[in-house]
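Me: I am new to this structure. Please take one part and go through it closely, then tell me how the rest is laid out.

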Amino acid sequence: MCGIVGYIGPKGAFDILIQGLKRLEYRGYDSAGVAMVDADGKINVHKSRGKVANLERVARAGDTSGSLGIAHTRWATHGEPNDINAHPHVSQSGEIALVHNGTIENYAVLKQALEKHGYTFKSETDTEVLVQLIDYVKHHNQCTLQEAVREALLQVDGAYAIAVVEKGDPDTLIVARKSSPLVIGVGEGETFIASDATPIIGYTDRVIYLKDNEMAIIKRGGDLSIRNVKSSTPTQIDIQQLKLSLAQLEKGGYDTFMLKEIFEQPSTLRDCLRGRITDDCSRVVLAGVEMHKDVFLKAKRITLVACGTSWHAALIGKRLIQDFCRIPVEVEYASEFRYGNPVLDSDDVVIAISQSGETADTLAAIELAKEKGAFVYGVCNVVGASIPRATDSGTYIHVGPEIGVASTKAFTGQVTVLTLLALAIGQLRGVTDKDTVRSVASALREIPDVIEETLKCDPEVKNISRIFTYAHNFLYLGRGYNYPTALEGALKLKEISYIHAEGYPAAEMKHGPIALIDQEMPSVIIAPSDYLYDKIISNVQQVKSRGGAVVAIVSKGNTAMNDIADYCIEIPAVPACLTPLVASIPLQLMAYYIAVNKGKDVDQPRNLAKSVTVE
Ligand code: M6R
């Protein structure tokens with residue numbers, strides 16, 4: 001859940017590290033730090049609470065020389081965010097500096113043992129234990145840093161991606177990973193390392209995705225060797241080409257990444273759909289399904305696992321798969337599934353959904369499902385991330401890097417891929433006839449244009465958001481396909497505006513939450529013209545008759561709600577199964593503008609990070 005970055009080469013490391021940390025800041029931003037080894041072998045360490053900009057200011061006032069360096073941006077797990085707990089951590093001897101993303105689960109036991117050997121600790125972090133352990137092993141065994149790192153890692157339980165440097169050696173950078181991501185960028189006579197490829201873009205497009213239990217020894221000049229931590233045997237170096245551009249990582253004229261990502265949904269969904277529907281719309285072609293037809297033909301049940309927004313997409317996926325494939329479908333929070341002793345066998349397909357492809361709970365759910373013999377299919381965004389590599393097959397959503405912590409374009413990409421998946425499996429099993437595939441696929445192909453049209457509601461949503469900026473609570477209500485849309489709308493508002501919001505199935509409201517409704521409690525009701533429209537009208541009336549204000553999302557041309565709701569936001573009419581894709585647009589905008597009106601940092605909301613690589 002933190003971001004790490006490193007550099008070794010002919011240039012000054014500091015600017016490269018700071019630039020890299022800024023790109024990784026979405027992974028955590030409560031403190032940051034940097035360590036450079038200068039030409040004389042001295043380690044210059046700077047740390048600061050808060051964002052990378054603070055660190056940059058603090059560090060520039062000191063010595064930032066050195067062309068070897070490591071850096072870190074933190075999302076606190078062990079110990080509060082402050083300068084002491086910030087990384088890099090330096091060993092007691094002052095000889096070794098280390099940055100770490102992950103969690104050392106047995107840190108308390110290791111710490112006790114090190115204390116017996118005279119080590120004292122300044123911070124509350126698990127990471128300091130690791131750097132002291134490496135220091136201890138190095139001195140005790142009289143070995144090289146490389147050997148000490150390997151020996152120490154053999155004693156560690158948990159997840160880590162680490163980068164380590166040593167006083168007196170400006171020519172060596174050591175990195176290792178287990179269950180936390182780490183990418184190496186191979187330049188001309190220079191090497192970069194980072195938690196993901198974003199800090200590397202612009203320097204090189206040649207990357208190595210370090211695998212679990214691998215460590216790399218990177219030398220000045222570009223020499224690089226990789227070995228397995230457990231066996232110590234050298235492993236083959238697989239250099240891949242990176243297909244990300246700098247433009248994809250910039251705000252493109254928008255005030256924030258979130259707004260850019262909301263507005264780029266027409267183009268991201270075009271990318272997501274490209275090549276996946278035949279020209280005549282009679283077939284959906286997903287390579288991940290085509291290659292494993294036998295698995296999808298014999299599947300007796302499908303279980304969707306995910307967290308957060310991806311879990312909301314999974315709830316929509318459940319309805320889609322049930323409707324188009326007539327297979328029993330379950331949806332589980334990955335964090336519950338992994339400890340829920342699930343009953344699975346080789347007739348089960350588990351679909352893991354994750355934007356980042358790094359979410360620790362989802363990864364653990366995948367491992368469990370595989371152990372039990374299920375076939376695991378991934379729906380991910382980040383190419384080459386841990387989840388797509390851990391799954392048996394899958395489909396990328398291809399919506400480009402999502403930087404804003406609140407997921408927007410990834411959600412619509414996930415729902416789009418789940419729609420394609422449901423159609424592909426349905427047609428394969430002969431459950432969905434050609435006419436149905438054709439009509440849904442052709443409507444889906446139009447969705448990018450439809451969303452472009454929907455985005456024209458922006459000024460209207462902006463106005464409505466002013467009226468509700470200072471509400472303390474919100475209720476989001478929807479039915480059928482749009483109950484998950486309501487959950488997602490509420491999550492967006494909570495995450496970035498810090499307003500309490502609850503999503504509820506509209507009809508379930510009368511069984512309890514209706515007691516909350518008064519003039520202070522606005523409701524956002526997702527009410528497109530589908531088979532549940534008449535029912536939801538009566539749910540809206542129940543809210544109105546208790547004095548609650550209502551913002552309704554309705555299909556264009558349907559005026560029945562005008563006299564009931566206080567504000568109606570029109571969206572284009574689409575088939576019921578596609579309404580979440582369209583209805584989520586005004587909900588994203590409304591959360592965005594309310595947060596902006598309140599002066600909140602929408603791209604980096606408090607306490608959150610983009611990629612949750614801890615339990
Ligand atoms: O990368 P993932 O899709 O696995 O992440 C899952 C959640 O952490 C994520 O969706 C989170 O809820 C977002 N902040 C929602 O906007």
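Reply:

**Around the ligand**

Helix α10 gives the largest share of the shell around the ligand, with three residues. Keep in mind that this is a predicted model.

Start with the shell. It holds 14 residues. Those that come nearest are Ser310, Ser354, Ser356, Thr359 and Glu495. By class, four residues of the shell are nonpolar, eight are polar and two are charged.

Now take three serines in turn. The side chain of Ser310 has an N or O atom 2.6 Å from an oxygen atom of the ligand. For Ser354, a side-chain N or O atom is likewise 2.6 Å from a ligand oxygen. Ser356 places a polar side-chain atom 2.6 Å from an oxygen atom of the ligand.

How much of the ligand does the protein cover? On its own, the ligand has 410 Å² of accessible area, and the protein covers 92% of that.

Which elements give two or more residues to the shell? They are α10, residues 308–325, and α17, residues 483–497.

**The open sheet**

Turn to the sheet. Eight strands form it, and it is open. Their order is β3-β2-β4-β1-β10-β9-β11-β14, with antiparallel pairing. At the edges stand β3 (43–49) and β14 (240–241). Each has a single partner strand, so one side of each lacks a neighbour in the sheet.

Follow the sheet towards β14. Strand β9, residues 183–186, is joined to β11 by three bridges, and the two run antiparallel. Here Val183 has Tyr209 in β11 as its bridge partner. Strand β11 covers residues 206–209. Its pairing with β14 is antiparallel too, over two bridges. In that pairing, Arg206 stands opposite Gln241 of β14.

Two helices go with this sheet. Helix α1, residues 13–24, packs on the sheet. It touches β1 (3–8), β2 (31–37), β4 (68–74) and β10 (191–194). The direction of α1 makes about 155° with that of β1. Helix α2, residues 52–60, lies across β2, β3 and β4. Helix α2 runs at about 135° to β3, the strand at one edge of the sheet.

To recap the ligand shell: α10 gives three residues, and Ser310, Ser354 and Ser356 are among the residues that come nearest.

Methods:
Residues numbered from 1 in each chain as written. Predicted model: local features only at pLDDT ≥ 70, side-chain atom pairs only at ≥ 80, totals over all residues. Heavy atoms only, no water. Pairing = 2+ DSSP bridges. Helix = DSSP H or I, 4+ residues; strand = E, 2+ residues; numbered from the N terminus. Contact = heavy atoms within 4.5 Å. Axes fitted to C-alpha atoms, helices over the stretch in contact; angles between N-to-C directions. Near = heavy atom within 4 Å. Polar contact = N/O pair within 3.5 Å; in protein donor to acceptor, adjacent residues only side chain to side chain. Areas by Shrake-Rupley, 256 points an atom, 1.4 Å probe, with all protein chains shown as cover. Nonpolar A, V, L, I, M, F, W, Y, C, P; charged D, E, K, R; others polar.
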